[in-house]
Amino acid sequence: MPIAQSIFRYAQAVRRRVHAHPELSAQEWHTASYLQAELAALGWSLVTIPETPSFLAVWNPRGERFIGYRAELDALPIAEATDLPYASENAGVMHACGHDMHMAIAMGLAKMLAEGSAVLPTYGDAASYGVVLVFESSEELLPGGAPAILASSEFARYRPRSIFAFHADPSLATGQIGFHPGAFMASCDELYITVAGQGGHGAMPHLTTDPVLAAAHVVVALQAVRARMLPPFTPSVLTIGRVEASGATNVIPHEVKMQGTFRTHDEEVRRQAHARIATVAERVAESMGNTAQVEIRHGYPVLVNAPDLCQWVKRQLSAECENAECVEVPMRMTADDFAYYAQQIPGLYLRLGVGVGAGLHTSTFSPDEQALGVALSALQVLCQHAELWGSRGT
Ligand SMILES: [Zn+2]
Ligand SMILES: [Zn+2]
């Protein structure tokens, strides 16, 4: 059933308010305090996570079984180039990843539960069910906000039985919800490689070890890790996106600094790749008289949607949520720190169609707000089912 207009208007107003006042990762204090004031007025209990803007909002804190919904608080260092009346008022900062939409969905759910238009199941022990909204700081910036939340005693107290997230998706039409069971999004690790040796005059390369040529060989050889040393059945990507050699037309520099990313869909393949990347870079550089220093900064793990939960939710929404069209979506090589929750708790990360348009992380990204109503209808349906709490109605 479509949600009430008043709920939609409320979610839309929240979205526009946070959209106009975006804050960068780990600095979302104003956003957090605005949301906390709204939630307190709606009768939700608030639990802050120490030393971060992250916080939890809990419905029925005396409950014994919780489900969770994660919304990110942070925006990106992008100058907004839309002409929306509620465009960013913070120069150079923009909600270009749809996190404003995710927060608005959480707040719409908060209002629905507060006003009784979303209800938790009653199987004779209604008081034992609760909802925890996880408002997470710093999703866009490694190490992400999730590890600190998961490690906190505050989260342990309200640890949900299952956890959900929507992510705005401008490749899907409004009304569509994208499902993918199992490994859905990639692990992402950052590569920092420095090839160093003897520089010198560009006209006398035989007196140098030419770190530039060695670095070029390293870039090429690293593709053999992906293509020849890892199982071909597991998707992986290795990209070197930054190469810095500050020589000149006639100067061979002493070192070349490179940066890149490695992503895959399997934690074992990820471990294998790390060792191979280091060995290949070091040995190739060494074979030409240079050294290679390889640093791999671990990013988010592989995001795995719990297959049972994914199938169950898809079936329920297909049957009961008439304004949502459930579609299968392919796996992605992008990453999200929701993966940390899903490593520990049955988790489901859904793609929310916001109308086909400008991509995420672009200055003209502008999601269709009607998608808020679609997500809220879906959550309204899900709230009613005790199966989500892992209780099977007992
Ligand atoms: Zn993003
Ligand atoms: Zn995002």
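Which residues does His-167 touch, not counting residues up to four places away in sequence? In this predicted model, the list runs to Glu-72, Cys-97, His-99, His-102, Asp-336, Tyr-349, Leu-350, Arg-351, Leu-352 and Leu-360. The views below start there and move outward.

**View 1. His-167 and its neighbours in the predicted model.** His-167 sits in strand β5, which covers residues 162-169. With a relative accessibility of just 3%, this histidine counts as buried, because the cut-off for that is under 20%. Its contacts include Cys-97 and His-99, and both of those turn up again as zinc donors alongside His-167.

**View 2. The zinc ion (ligand 2), held by Cys-97, His-99 and His-167.** The donor atoms are SG of Cys-97 and NE2 of each of the two histidines, at 2.2 to 2.4 Å. Read along the chain, the donor residues follow the spacing C-x1-H-x67-H. Cys-97 is in the loop between β3 (65-72) and α3 (99-115), while His-167 is in strand β5, so this pair ties together parts of the chain 70 residues apart in sequence. Both Cys-97 and His-167 are buried.

**View 3. The zinc ion (ligand 1), with Cys-97 as the bridge to the zinc ion (ligand 2).** The two zinc ions are 3.2 Å apart, and Cys-97 coordinates both. Around the zinc ion (ligand 1), the donors are SG of Cys-97, two OE atoms of Glu-140 and NE2 of His-361, at 2.0 to 2.8 Å. Angles between the four donor atoms span 52 to 149°, so the arrangement comes out as irregular. The spacing here is C-x42-E-x220-H. Glu-140 comes from the loop between β4 (129-136) and α4 (146-151), and His-361 from the loop between β16 (347-353) and α10 (370-383); the two are 221 residues apart. Glu-140 counts as partly exposed at 24% relative accessibility, and His-361 gets the same label at 39%.

**View 4. Where domain 1 meets domain 2.** The domain assignment gives domain 1 as 5-184 + 302-389 and domain 2 as 187-297. Their centres, taken over C-alpha atoms, are 38 Å apart. Ten residues of domain 1 are in contact with eleven residues of domain 2. Between them the domains bury about 870 Å², 68% of it on carbon and sulfur atoms. On the domain 1 side, Leu-142, Val-302 and Met-333 supply 68% of the area buried against domain 2, more than any other three residues. As for salt bridges between the two domains, the count is zero.

**View 5. Salt bridges that link distant parts of the chain.** The whole structure has 17 salt bridges. In one of them, Arg-16 and Glu-369 meet at 2.7 Å, N to O. Arg-16 is in helix α1 and Glu-369 in the loop between β16 and α10, so the pair ties together parts 353 residues apart in sequence. Arg-16 is partly exposed at 31%, whereas Glu-369 is buried at 8%. Another salt bridge joins Glu-136 and Arg-70, with the closest N and O atoms 3.2 Å apart. Glu-136 belongs to strand β4 and Arg-70 to strand β3, 66 residues apart. Relative accessibility is 0% for Glu-136 and 0% for Arg-70.

**View 6. Asp-189 with Arg-270, and a shared network.** Asp-189 forms a salt bridge with Arg-270, at 2.7 Å between the closest N and O atoms. Strand β8 holds Asp-189 and helix α7 holds Arg-270, so parts 81 residues apart in sequence are tied together. Asp-189 is buried at 0%, and Arg-270 is buried at 7%. Elsewhere, salt bridges with shared partners join Arg-70, Glu-72, Glu-136, Asp-336 and Asp-337 into one network.

How values were computed:
Residues numbered from 1 in each chain as written. Chains lettered and ligands numbered in written order. Predicted model: local features only at pLDDT ≥ 70, side-chain atom pairs only at ≥ 80, totals over all residues. Heavy atoms only, no water. Tetrahedral: all angles 85-135°; square planar, octahedral: opposite > 155°, others 65-115°. Helix = DSSP H or I, 4+ residues; strand = E, 2+ residues; numbered from the N terminus. Buried < 20%, exposed > 50% of the residue type's maximum accessible area, 1.4 Å probe, protein only. Contact = heavy atoms within 4.5 Å. Domains from an automatic or database assignment. Buried area = accessible area lost by both parts, 1.4 Å probe. Salt bridge = Lys/Arg side-chain N within 4 Å of Asp/Glu carboxyl O.
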